[in-house]
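Colleague: I should like a close look at a single part of this protein, explained for a first-year student. Please begin with the helix that I name below, and then connect it to its surroundings.

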Amino acid sequence: MTHASKEGTSDAGGGELTVPMAWLYAEYIADELLRTGDLMPPTSFEFRAGRDALALTIFLSDTDGELSGIRVVSQLETWLSLTAYDQPWQDWVREHMTRRAALAREENTHSPDLELAEAAWRWLEETELLAPDLDAVPGGGPLPDEEGGPQVWTPAWQLGLPLGHLAIHLF
């Protein structure tokens, strides 16, 4: 879902300005789900990780190429199953990103939606956030004081994905 306008542009690519509506809408839905859940401050890196993980899930699960506001509620179960703990989410994302990039190359099209999705995925993979080390706690039980307990650097997607999953549950 992209919006093209030929007014006021002068680029060599035919004069079209393409707005990445599908990605922006996926990001908006993810943001609303996380804000409704009130799990993290919207200014935190954890919130961004959750929003980007959810936006990728929403964007890549849209097989028709058109996100519809009416279908959001009907898609919650799909997004919930894709973000579940026992699912290979990162493999699913890589596979779908590769497929979409190949399709864009095959059709010789420029996709600003895909560019933004790729940037979000790169950030989720390359950024590490400090999180409680649950493996360091005997028996995996709760930490007596999470702030003072053992911590480990974790890829952002590994923090964002369960946050997004919980936000869907709370919605």
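The request and a connected answer follow.

With which residues does helix 1 meet helix 6, and at what angle do helix 1 and helix 6 pack?

Modeller: The model under discussion is predicted. A short overview will place the helix before the details are given. The secondary structure of the protein comes to 6 helices and 4 strands. Read from the N terminus, these elements follow the order β-β-α-α-α-α-α-β-β-α. The protein has 171 residues, and buried residues make up 40% of them. Among the contacts with a separation of 6 or more, 65% join residues that are 24 or more positions apart.

Now to the part requested. Helix 1 covers residues 21-37 and helix 6 covers residues 156-170; the two pack at an angle of about 70 degrees, and their axes are 8 Å apart. An angle from 65 to 115 degrees counts as roughly perpendicular. Helix 1 is therefore roughly perpendicular to helix 6. On the side of helix 1, the residues that take part are Leu 33, Leu 34 and Gly 37. On the side of helix 6, they are Leu 163, Gly 164, Ala 167, Ile 168 and Leu 170. Sorted by class, this contact has 6 nonpolar residues, 2 polar residues and no charged residues.

Helix 1 also carries an aromatic pair. The structure holds 4 aromatic pairs. One of them is formed by Tyr 25 and Tyr 28, and this pair is stacked, with 6.4 Å from centre to centre and 15 degrees between the planes. The two numbers have a general purpose: a pair of aromatic rings is described by the distance of the centres and the angle of the planes. Because Tyr 25 and Tyr 28 are 3 residues apart in helix 1, about one helical turn separates them. Tyr 25 is partly exposed, with a relative accessible area of 24%. Tyr 28 also counts as partly exposed, at 47% relative accessibility.

After helix 1 comes a loop. Asp 38 is found in this loop, between helix 1 and helix 2 (45-61). Asp 38 has a positive phi of about 50 degrees, although it is not a glycine. This deserves notice for a general reason: most residues other than glycine have a negative phi. Asp 38 counts as exposed, at 65% relative accessibility. Another residue with a positive phi is Asn 108, which is not a glycine and has a phi near 50 degrees. Asn 108 lies in the loop between helix 4 (89-106) and helix 5. With a relative accessible area of 71%, Asn 108 is exposed.

The next residue leads back to helix 1 from helix 2. Asp 52 lies in helix 2. Its relative accessibility is 3%, so Asp 52 counts as buried. When neighbours within four places in sequence are left aside, Asp 52 is in contact with Trp 23, Glu 27, Ala 120, Trp 123 and Leu 124. Trp 23 and Glu 27 fall within residues 21-37, the range of helix 1. Trp 123 has a further partner, since the charged end of Arg 48 sits over the ring of Trp 123, 3.9 Å from its centre. A similar arrangement involves Arg 100, whose charged end sits over the ring of Phe 59, 4.4 Å from its centre.

Helix 6 can be followed in the same manner. Thr 83 is placed in the loop between helix 3 (72-82) and helix 4. At 3% relative accessibility, Thr 83 counts as buried. Thr 83 and Pro 162 are 79 residues apart along the chain, and their C-alpha atoms are separated by 7.1 Å. Apart from its neighbours within four places in sequence, Thr 83 is in contact with Thr 57, Trp 89, Leu 161, His 165 and Ile 168. Ile 168 is also one of the helix 6 residues that helix 1 meets. Trp 89, for its part, belongs to one aromatic cluster with Trp 121 and Trp 157.

One residue of helix 5 completes the account. Glu 118 lies in helix 5 (residues 112-126), and Glu 118 is partly exposed, with a relative accessible area of 29%. Its contacts, leaving aside neighbours within four places in sequence, are Met 97 and Ala 101. From Glu 118 to Ala 101 the distance is 9.4 Å, C-alpha to C-alpha, with their positions 17 residues apart in sequence.

Note on methods
Residues are numbered from 1 along each chain as its sequence is written. This is a predicted model: local features need pLDDT of at least 70, side-chain atom pairs count only at pLDDT 80 or more; totals for chains, interfaces and linings use all residues. Side-chain values use heavy atoms; hydrogens and water are left out. Axes are lines fitted to C-alpha atoms, for helices over the stretch in contact, and angles run from 0 to 180 degrees between N-to-C directions. Angles under 35 degrees count as roughly parallel, over 145 as roughly antiparallel, 65 to 115 as roughly perpendicular and the rest as oblique. Contact means heavy atoms within 4.5 Å. Ala, Val, Leu, Ile, Met, Phe, Trp, Tyr, Cys and Pro count as nonpolar, Asp, Glu, Lys and Arg as charged, and the others, Gly among them, as polar. Buried means under 20% relative accessible area, exposed over 50%, partly exposed in between (1.4 Å probe, protein chains only). Rings of Phe, Tyr and Trp (its six-membered ring) pair if their centres lie within 6.5 Å; planes under 30 degrees apart count as stacked, over 60 as edge-to-face and the rest as tilted. A charge sits over a ring if NZ of Lys or CZ of Arg is within 6 Å of the ring centre and within 35 degrees of the ring normal.
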